[in-house]
Amino acid sequence: MKLCMIGTGYVGLVSGVCFADLGNDVICVDKDYNKIENLKKGVVPIYEPGLEELVLKNHKNKRLNFSTDLSESVKKSDIIFICVGTPTKKNSNSADLTQVYSAGKEISKSINKFKIIINKSTVPVATGDKLEKIINKSVNKKYFSVVSNPEFLREGEAIRDFIYPDRVVVGSNNKKATKILRNLYSPLVSKGAKFVSTNRRAAELIKYASNAFLATKITFINEIANLCEKIDVNIEDISIGIGLDKRIGSRFLRAGPAYGGSCFPKDTKAIVSTADKFKTNLSVIKSVIKSNKIRSDLLLKRVNLIMKNKINNKTISFLGVTFKANTDDMRDSSSLKLIPYLSKKGAKIKYYDPTGFKKEFENLKNTEFSNSINEAIKGSDLVIIHTEWNDFKSINFKKYSKNKKLIIYDMRNIFSPSKIKKLGLKYYGIGC
Ligand code: UGA
């Protein structure tokens, strides 16, 4: 099939590349000339394992093309995916849909035969209705159909998530469009993915409700971890013990720092804002947002406790500063709260991240990037394991055990407390 992806951000680029790899002809469109020229050379603007190889492979075999010409690309395609950003509005919790609607207007100028226009961006319920109205101002409804097809890709795992999804959700009020999409996704469905066909509004809500539910699950286990710390119970036992109940499920039950990234914080706020508009109180999600907001303060309180309130002049190292492993994304990472606080309190901060130096910390007092894990740990009073990169799992702390003052605060529980303690080092985890 001939596809056009509007927006080469995270969702548009990963989905476009994967669709090309499944044998479709894909044009990825973006207004940013430099980005498009770089992509043509195989230079990928985001850190995502495996993506560059797939871009190069599919561009070489001509199934994947890049363009700044939206009009021509739409004319050549049967299915157009809108994959633009929907950030939180300034001074409000609702989603800013300017880019979605302006993409709709642009597309409407180039509809020369029946087109399926798919919204893959995360949008509030009824955005599809408005998009349809915008396009319908200049195009008869028989020439287009607006569909919602949300994505469930995790940063760092996006290619795997695209190829092996649990489900594909298609929200459409048009049978012909649903049939075409069933066909487009058939290679994934034949590998076991469930095809969930709903009306358009339901698909829009499935996306927000999924992210809000996952954020709730994480917040729930984080709060239980707070309790575990007071009663000599290890949260890992609780996660296993409850997760094995199929009604609960074991995934997304890892206690850790506050959840972050470009999705959960934004989408939990947006679903509450949508519900407010429809006079519905989503009290559970509201308290999830609140609990996550104060989580970093709780972790800092524990750092103070671990350090016996002596932070000034202590060397504190962070291993990993992004919002999770396998990404270079700093958006809403809890390190953005933890590091400035500790630096202000007079600590000397060293941080190492496999994705390199972070400009977010360049103007902070006494804060420097270390070139290696070893450089970060050497001479430290406290090592905070902030993300769960595989590189950190193989650290041999025996090497550092001569430094008896060294304390480890493992915010991802990747080490066994008893093994580290056997080395004579002080170890703290989350919920243990
Ligand atoms: C999330 C969803 O998982 C995707 O399904 C969705 O498509 C995406 O948002 C989106 O809306 O675009 P992502 O933000 O990439 O994906 O990252 P996650 O792996 O979900 O992690 C989010 C946050 O939760 C991270 O801070 C992570 O460290 C934290 N987390 C996750 C935990 O603390 N514990 C867990 O068990 C899982």
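Student: Which residue of strand 4 is the bridge partner of Cys 4?
Tutor: This is a predicted model. In it, strand 1 (residues 2-6) and strand 4 run parallel and are joined by four bridges. The residue of strand 4 that bridges to Cys 4 is Ile 80.

Student: Which residue in strand 5 does Ile 79 stand opposite?
Tutor: Strand 4 also runs parallel to strand 5 (residues 115-119), with four bridges between them. Across that pairing, Ile 79 stands opposite Ile 116.

Student: Are the faces of strand 4 covered or uncovered?
Tutor: Take strand 4 (residues 79-82) one side at a time. Ile 79 and Phe 81 are buried on one side. Ile 80 and Ile 82 are buried on the other. Both faces of strand 4 are therefore covered.

Student: Which helix makes a β-α-β unit with strand 4 and strand 5?
Tutor: The unit is right-handed. Between strand 4 and strand 5 it holds helix 5 (residues 98-108).

Student: Is Ile 111 buried or exposed?
Tutor: Ile 111 is found in the loop between helix 5 and strand 5. Its contacts, leaving aside neighbours within four places in sequence, are Ile 117, Ile 135, Val 139, Tyr 143 and Phe 144. Its relative accessibility is 18%. The cut-off for buried is under 20%, so Ile 111 counts as buried.

Student: What distance separates the C-alpha atoms of Ile 111 and Lys 75?
Tutor: Along the chain, Ile 111 and Lys 75 are 36 residues apart. In space, their C-alpha atoms are separated by 6.3 Å.

Student: How is helix 6 placed relative to helix 10?
Tutor: Helix 6 (residues 127-136) and helix 10 (residues 200-231) pack with axes 8 Å apart, at an angle of about 130°. That angle makes helix 6 oblique to helix 10.

Student: How many charged residues are in the contact of helix 6 with helix 10?
Tutor: Helix 6 contributes Thr 127, Gly 128, Asp 129 and Glu 132. Helix 10 contributes Arg 200, Arg 201 and Glu 204. By class, nonpolar residues number none, polar residues two, and charged residues five.

Student: Which strands stand at the edges of the six-stranded open sheet?
Tutor: The pairing in this sheet is parallel, in the order 11-10-9-12-13-14. From one strand to the next, the twist averages 20°. An edge strand has a single partner, so one of its sides has no neighbour in the sheet. The edges are strand 11 (367-369) and strand 14.

Student: Which residue in strand 11 is the bridge partner of Tyr 351?
Tutor: Strand 10 (residues 348-352) runs parallel to strand 11, and three bridges join them. The partner of Tyr 351 in strand 11 is Phe 369.

Student: What angle does the direction of helix 14 make with that of strand 9?
Tutor: Helix 14 (residues 335-344) packs on the sheet. It touches strand 9 (315-319), strand 10, strand 11 and strand 12. Its direction and that of strand 9 make about 170°.

Student: Which strands does helix 13 lie across?
Tutor: Helix 13 (residues 283-306) runs at about 165° to strand 13. The strands it lies across are strand 12 (382-385), strand 13 and strand 14.

Student: What is the bridge partner of Asp 410 in strand 14?
Tutor: Strand 13 (residues 407-410) pairs with strand 14 in the parallel sense, over four bridges. With helix 17 (residues 417-422), these strands make a right-handed β-α-β unit. Asp 410 has as its bridge partner Gly 429.

Student: Which residues make the uncovered face of strand 14?
Tutor: Strand 14 covers residues 426-429. Tyr 427 and Gly 429 form its covered face. The uncovered face is Lys 426 and Tyr 428.

Student: Is Ala 376 buried or exposed?
Tutor: Ala 376 lies in helix 15 (residues 373-377). Not counting residues up to four places away in sequence, it touches Ser 317, Leu 319, Lys 350, Tyr 352 and Ser 370. With a relative accessible area of 0%, Ala 376 is buried.

Student: What is the phi of Lys 62?
Tutor: Lys 62 sits in the loop between helix 3 (51-60) and strand 3 (64-67). At 64% relative accessibility, it counts as exposed. Most residues other than glycine have a negative phi. Lys 62 is not a glycine, yet its phi is positive, at about 70°.

Student: And what is the phi of Asn 309?
Tutor: Asn 309 is in the loop between helix 13 and strand 9. It is exposed, with a relative accessible area of 63%. Although it is not a glycine, its phi is positive, at about 60°.

Technical notes. Residues are numbered from 1 along each chain as its sequence is written. This is a predicted model: local features need pLDDT of at least 70, side-chain atom pairs count only at pLDDT 80 or more; totals for chains, interfaces and linings use all residues. Side-chain values use heavy atoms; hydrogens and water are left out. Axes are lines fitted to C-alpha atoms, for helices over the stretch in contact, and angles run from 0 to 180 degrees between N-to-C directions. Helices (H or I, at least four residues) and strands (E, at least two) are DSSP runs, numbered from the N terminus. Angles under 35 degrees count as roughly parallel, over 145 as roughly antiparallel, 65 to 115 as roughly perpendicular and the rest as oblique. Contact means heavy atoms within 4.5 Å. Ala, Val, Leu, Ile, Met, Phe, Trp, Tyr, Cys and Pro count as nonpolar, Asp, Glu, Lys and Arg as charged, and the others, Gly among them, as polar. Buried means under 20% relative accessible area, exposed over 50%, partly exposed in between (1.4 Å probe, protein chains only). Two strands pair if DSSP finds at least two bridges between them. A crossover is right-handed if, with the strands pointing away from the viewer, the path from the first strand over the helix to the second runs clockwise.
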